[in-house]
Amino acid sequence: QVHLVESGGGLVQAGGSLRLSCAASIRIFSINAMGWYRQAPGKQREWVAGITSGGGTNYADSVKGRFTISRDNAKNTVYLQMNSLKPEDTAVYYCNAGVISGTLLSNYWGQGTQVTVSS
């Protein structure tokens, strides 16, 4: 079982920055991949960014060049640095962890943190 706790959300003006944190209850080097998703009101949850245990990163086209995902293994924490925020980035942001054990993939989610970008 992996418990994830997000923090760092809030209200920011367009063009501003926020850094989200996701603290895991286990050593994150044992987690195969971690990522951030978001869900805006009335929309489906969408993938935003991901980072593998080896440090490889990927981003959705909508945030590429503005968002940066990183990890601190010593703190068991993954971050999402969000710059040049736009009103369309407004959503609840969720941290996700994928753990592979044998042939079984288990997905874990945090409770979410609200990000609101005003125009």
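In this predicted model, the count of disulfides comes to 1. The bond is formed by C22 and C95, whose sulfur atoms lie 2.0 Å apart, and this distance satisfies the rule that the two sulfur atoms must be within 2.5 Å. A disulfide of this kind is a covalent bond between the sulfur atoms of two cysteines.

**The disulfide and its surroundings**

- C22 belongs to strand β3 (residues 18-24) and C95 to strand β9 (residues 91-101), so the pair ties together parts of the chain that are 73 residues apart in sequence.
- The torsion about the S-S bond of C22 and C95 is about -80 degrees, and the disulfide is therefore left-handed.
- C22 has a relative accessible area of 0%, so C22 counts as buried, the cut-off for that word being under 20%.
- C95 likewise has a relative accessibility of 0% and is counted as buried.

**The open sheet**

- Strand β3, which holds C22, is also part of an open sheet of 4 strands, arranged in the order β1-β3-β8-β7 with antiparallel pairing.
- At the edges of this sheet are β1 (4-7) and β7 (67-72), each of which pairs on one side only.
- From one strand to the next, the twist of the sheet averages 15 degrees.
- In general, the strands of a sheet pair through backbone hydrogen bonds, and they may do so in a parallel or an antiparallel way.

**The pairing of β7 with β8**

- The edge strand β7 is joined by 6 bridges to strand β8 (residues 77-82), and these two strands run antiparallel.
- One of the residues involved is D72, whose bridge partner in β8 is T77.

Key:
Residues numbered from 1 in each chain as written. Predicted model: local features only at pLDDT ≥ 70, side-chain atom pairs only at ≥ 80, totals over all residues. Heavy atoms only, no water. Pairing = 2+ DSSP bridges. Axes fitted to C-alpha atoms, helices over the stretch in contact; angles between N-to-C directions. Buried < 20%, exposed > 50% of the residue type's maximum accessible area, 1.4 Å probe, protein only.
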